[in-house]
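Please load the model in a viewer with a residue-selection panel at hand. The tour proceeds by selection, with a short account at each stop.

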Amino acid sequence: MNTNGPQEKHSPGKFLKDVSELVFDEKLVSGMQDNGTIPVVEFFHPKVLEQKFDFSIDVEGAPEKDLMAACKDLVRYSVKTYSPMFRNQLFGGVHEVALAGTWLTEALNVNQHTFEVAPLFTLIERAVIKKVVHLLGWESGDGIFSPGGSLAIMYGLVAARFKAFPDVKRTGIFGLPRLAIFTSSDSHYSVAKAAHWLGHGTESVFAVETNEFGAMIPEKLEECVAESISKGMRPFVVNATCGTTVLGAFDPLDEIASVCRKHSLWLHVDAAWGGPVLFSKKHRHLVKGIELIDSFCWNPHKMMGAPLQTSLFVLKEVGLLQQCNSAAATYLFQQDKFYDVSYDTGDKSVQCGRKAEAFKFWLMWKSLGDSGMEEAVDNAFECKNYIVKLINSHLNFEMVINPESQCTNICFWYIPTSMMHQERSAKWWKKLSTVAPEIKKRITLDGSLMIGYNPLPHKNLCNFFRLVLTTVPRLTHRDMDNIVKILHQAGQNLELSPGE
């Protein structure tokens, strides 16, 4: 009689080995494949896909062959982000060394709230934060890894509010004047969400006008600050962006910092996308004034190919993060422990349970070194310059803006041959707005390329393609040639009805 519970169906370690072999057999890591020949996606609409996968969970556990079948189906029907033809969002493939760090981190399954349960992970996080602080040109600083850039922005807003109103932690927002938050009209929508979650409401957010390239205009920031004061509000924080989501703009940090100093405002920088230019001697000028800011967030899982998710938040004032977020739970953060409790970082976080996110990025960074990170960034920018020349020389392509001072975002329209010599009336632009969605449908269904498109209503721009270039996989001129070729093949004979 078996007295040890249900019969074990799987030999320990065998299933893990089989899944790792699946990763290698399917070449799921960037660099294992021949470039661009594997379809980016085998697309099915949701109701069709629901019929192709066994979602059931039965009373009895499933045999290993069924689990492996599920894993193989997952690979088949998932988007191949490791492909150089996956250009859909602000991320791409995963760096091999970072993936290895993720596997090891998950196997150890630690909770990074105290040194005693995550000793080396804690020290590694501190080392990465210290390195980033140095990269920013600060003499000192503090920080924490965060579950995504949206929450990292929230960390910045909460720190700014606590710095201005320390009693808010105890008494709440109801005794405060109505607070004003400033961010550019091209910044990430998470600022508005943060304002909502923090109890200020979305109407507390002033969308500062941007120039044609999507960068905040400092004079307009000054006007918005004055407007908020005239409404009886109390300005307290500016969120500047280094690498806006669509146009890839860099806000002028030195000029914005001057406005912030004048009005005693906290300056947070969202560099989730554009942060890697810090590594590049050629492109670091895009973040001129970064040393003047108060806090900073960056997502290495975007341009740099760290695994999703890898996001960090740092601030200049040491100790503020602890003061702001500490709840001093006595079952975790006892002050009479036998070791230095300043290494218990969990009370700086809004979370209790917190994944150890730093090791995978540290391992990748260590493998590349600063010079390898710089080369990867410079290559992405060089590919940007190359494809811009291709687009400018092609009759059917037209740039939305000149991206010379942008991040690795290339925004353009594709103009079908049938529309090239027509008058550019309001009707023509309305018709052009249907081109990008139709081409995207065609290339997604055939799996040749995934690329994003969007309008910018506040700039009166109809749907255009947004091509974004990352460092993993390492992109080449051949990849850029293929992107232009695929788009042209899908769109050159596109015929739109007169009513469209």
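The stops below cover a pocket, two helices, several loop residues and two cis peptide bonds. The coordinates are those of a predicted model.

**The largest pocket**

Begin by selecting Val23, Leu28, Val94, Leu99 and Trp103, which lie nearest the centre of the largest pocket among its 30 lining residues. The space in this pocket amounts to about 940 Å³. Next, colour helix H1 (14-25), helix H3 (64-77) and helix H4 (96-108), the elements that each give two or more residues to the lining. Of these, H1 supplies the largest share, with six residues. If the lining is coloured by residue class, 18 residues appear as nonpolar, seven as polar and five as charged.

**The loop after H4**

From H4, move to Asn109, located in the loop between H4 and helix H5 (119-135). Asn109 is not a glycine, yet its phi is positive, at about 50°. Is this residue buried or exposed? Asn109 has a relative accessible area of 64% and is therefore exposed, the cut-off being over 50%.

**Leu286 and Gln309**

Select Leu286 in the loop between strand S6 (266-270) and strand S7 (295-298). Its relative accessible area is 11%, so Leu286 counts as buried, the limit being under 20%. Add Gln323 to the selection and draw the C-alpha to C-alpha distance: the two residues are 33 Å apart in space and 37 residues apart in sequence.

Then proceed to Gln309, in the loop between S7 and strand S8 (311-315). The peptide bond leading from Leu308 into Gln309 is cis, and its omega is near -5°.

**Two helices and their spans**

Select helix H12, residues 358-392. How far does H12 span between its end C-alpha atoms? The distance is only 41 Å, whereas a straight helix of 35 residues would span 51 Å at 1.5 Å a residue. Centre the view on Gly369, where H12 bends by about 90°.

For a second helix, select H15, residues 477-491. Its 15 residues should span 21 Å at 1.5 Å a residue, and the end C-alpha atoms are 21 Å apart, so the expected and computed spans agree. Within H15, highlight the buried residues Asp479, Met480, Ile483, Val484, Ile486, Leu487, His488, Ala490 and Gly491. When viewing along a helix axis, it is useful to recall that an α-helix has 3.6 residues a turn, so residues three or four places apart point the same way.

**Gln406 and its neighbour**

Turn to Gln406, in the loop between strand S9 (397-399) and strand S10 (409-414). Gln406 counts as buried because its relative accessibility is 1%, and the limit is under 20%. Display the side chains of Gln406 and Ser405, which make a polar contact at 3.3 Å.

**On either side of S12**

Two final selections concern the loops that flank strand S12 (461-468). In the loop between strand S11 (450-456) and S12, select Asn460. Although Asn460 is not a glycine, it has a positive phi of about 60°. With a relative accessible area of 71%, Asn460 is exposed.

Finish at Pro473, in the loop between S12 and H15. Which residue is joined to Pro473 by a cis peptide bond? The partner is Val472, and omega for this bond is about 0°.

Note on methods
Residues numbered from 1 in each chain as written. Predicted model: local features only at pLDDT ≥ 70, side-chain atom pairs only at ≥ 80, totals over all residues. Heavy atoms only, no water. 1 Å grid on protein atoms, 1.4 Å probe; cavity = no way out; pocket = protein on both sides within 12 Å on 5 of 7 lines; lining within 4 Å. Points joined across faces, edges and corners; volume = space filled by probe spheres on them. Helix = DSSP H or I, 4+ residues; strand = E, 2+ residues; numbered from the N terminus. Nonpolar A, V, L, I, M, F, W, Y, C, P; charged D, E, K, R; others polar. Expected span 1.5 Å × (residues − 1). Bend = angle between axes of the 7 residues up to and from the residue. Buried < 20%, exposed > 50% of the residue type's maximum accessible area, 1.4 Å probe, protein only. Polar contact = N/O pair within 3.5 Å; in protein donor to acceptor, adjacent residues only side chain to side chain.
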